[in-house]
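Work through the exercises below with the sequence and the model side by side. Try each task before you read its solution.

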Amino acid sequence: MALFSRVALPGDVPALVALEHQCFSSDRLSSRSFHWMIGRAHGQLLVAEQDGQLLGYALVLFRRRSRLARLYSIAVADHARGLGLGKQLLSHVEACGVTHGCAHLRLEVRTDNPGALALYERNGYRRFAVVNDYYADHTSALRLEKTLVRPPA
Ligand SMILES: CC(C)(COP(=O)(O)OP(=O)(O)OC[C@H]1O[C@@H](n2cnc3c(N)ncnc32)[C@H](O)[C@@H]1OP(=O)(O)O)[C@@H](O)C(=O)NCCC(=O)NCCS
């Protein structure tokens, strides 16, 4: 699928909130959080769209004086799944991490989310920890990490 991806703008927030409700049943980002992520966070909120319709997003956070980036969230609309958008968003996030001088990208995923886990593991992420009772509904998280490779000059 031809994907147009760009940095999110405040005008995307209503569509992002709608997507969040479609994709997650708990631990959702609120409208306020999205605005903060767009305007204030030390990170990058990327959106994927087609014909002006927002189909997905990925949010990566950075920490000052750290080479670790964190994929905070990623989501693709129901009707656009399985077409490679998640993979493309992930690769944009990784490129963004490299641009910010990061050597590793880490993330958490619910133990009951095999689809997301497959996306990450097929793209080179390795499990390194389990955190019990991580989510609001007490589900555990797997922690995954990928070493980001700087493209040859
Ligand atoms: C996880 C999610 C972002 C994947 O997006 P997507 O656009 O459907 O993923 P892609 O089409 O790029 O798939 C990439 C790979 O992931 C794997 N994958 C993705 N969804 C899968 C599923 N439901 N079951 C099994 N494998 C899956 C596939 O193996 C695929 O690799 P392949 O094309 O080489 O076979 C999407 O399902 C989603 O938004 N889910 C709800 C929100 C969520 O769970 N976010 C993750 C929070 S940690």
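**Exercise 1.** Find which elements each supply at least two residues of the shell around the ligand.

*Solution.* Step one: list the elements. They are β4, α3 and α4 (114-122). Helices (H or I, at least four residues) and strands (E, at least two) are DSSP runs, numbered from the N terminus. Residues are numbered from 1 along each chain as its sequence is written. This is a predicted model: local features need pLDDT of at least 70, side-chain atom pairs count only at pLDDT 80 or more, and totals for chains, interfaces and linings use all residues.

Step two: find the largest share. α4 gives it, with six residues.

Step three: pick out the nearest residues. There are 19 residues around the ligand, and Arg 81, Gly 86, Lys 87, Gly 115 and Leu 119 come nearest. A residue is near a molecule or strand if its C-beta atom, placed from the backbone, lies within 6 Å of it.

Step four: sort the shell by character. It holds 11 nonpolar, five polar and three charged residues. Ala, Val, Leu, Ile, Met, Phe, Trp, Tyr, Cys and Pro count as nonpolar, Asp, Glu, Lys and Arg as charged, and the others, Gly among them, as polar.

**Exercise 2.** Trace the order of the strands in the sheet.

*Solution.* Step one: read across. Seven strands run β1-β2-β3-β4-β5-β7-β6 in an open sheet with mixed pairing. Two strands pair if DSSP finds at least two bridges between them.

Step two: look at the edges. β1 (4-7) and β6 (126-131) each have a single partner strand, so one side of each lacks a neighbour in the sheet. From one strand to the next, the twist averages 25°.

Step three: add the helix. α3 (residues 85-99) packs on the sheet and touches β1, β2, β3, β4 (68-76) and β5 (104-110). Its direction makes about 35° with that of β3. Axes are lines fitted to C-alpha atoms, for helices over the stretch in contact, and angles run from 0 to 180 degrees between N-to-C directions. Two residues are in contact if their C-beta atoms, placed from the backbone, lie within 7 Å.

Step four: zoom in on one pair. β2 (residues 43-50) and β3 (residues 53-62) are antiparallel, over eight bridges. Leu 45 stands opposite Leu 59 in β3.

**Exercise 3.** Separate the buried residues of α1 (residues 13-23) from the exposed ones on the face turned away.

*Solution.* Step one: name the buried residues. They are Val 13, Leu 16 and Leu 19. They fall within an arc of 120° down the axis of α1, so they line one face of the helix. The arc is that of the directions from the helix axis to the C-beta atoms. A residue is buried if 20 or more other C-beta atoms lie within 10 Å of its own, exposed if 12 or fewer, and partly exposed in between; C-beta atoms are placed from the backbone.

Step two: turn to the other face. Pro 14, Ala 18, His 21 and Gln 22 are exposed there.

Step three: find the partners. The buried residues of α1 pack against α2 (31-39), β3 and β4.

**Exercise 4.** Examine phi at Asp 27 and His 138.

*Solution.* Step one: recall the rule. Most residues other than glycine have a negative phi.

Step two: check Asp 27. Its phi is positive, about 55°. Asp 27 lies in the loop between α1 and α2.

Step three: check His 138. Its phi is positive too, near 75°. His 138 sits in the loop between β6 and β7 (141-147). With 8 C-beta neighbours inside 10 Å, His 138 counts as exposed.
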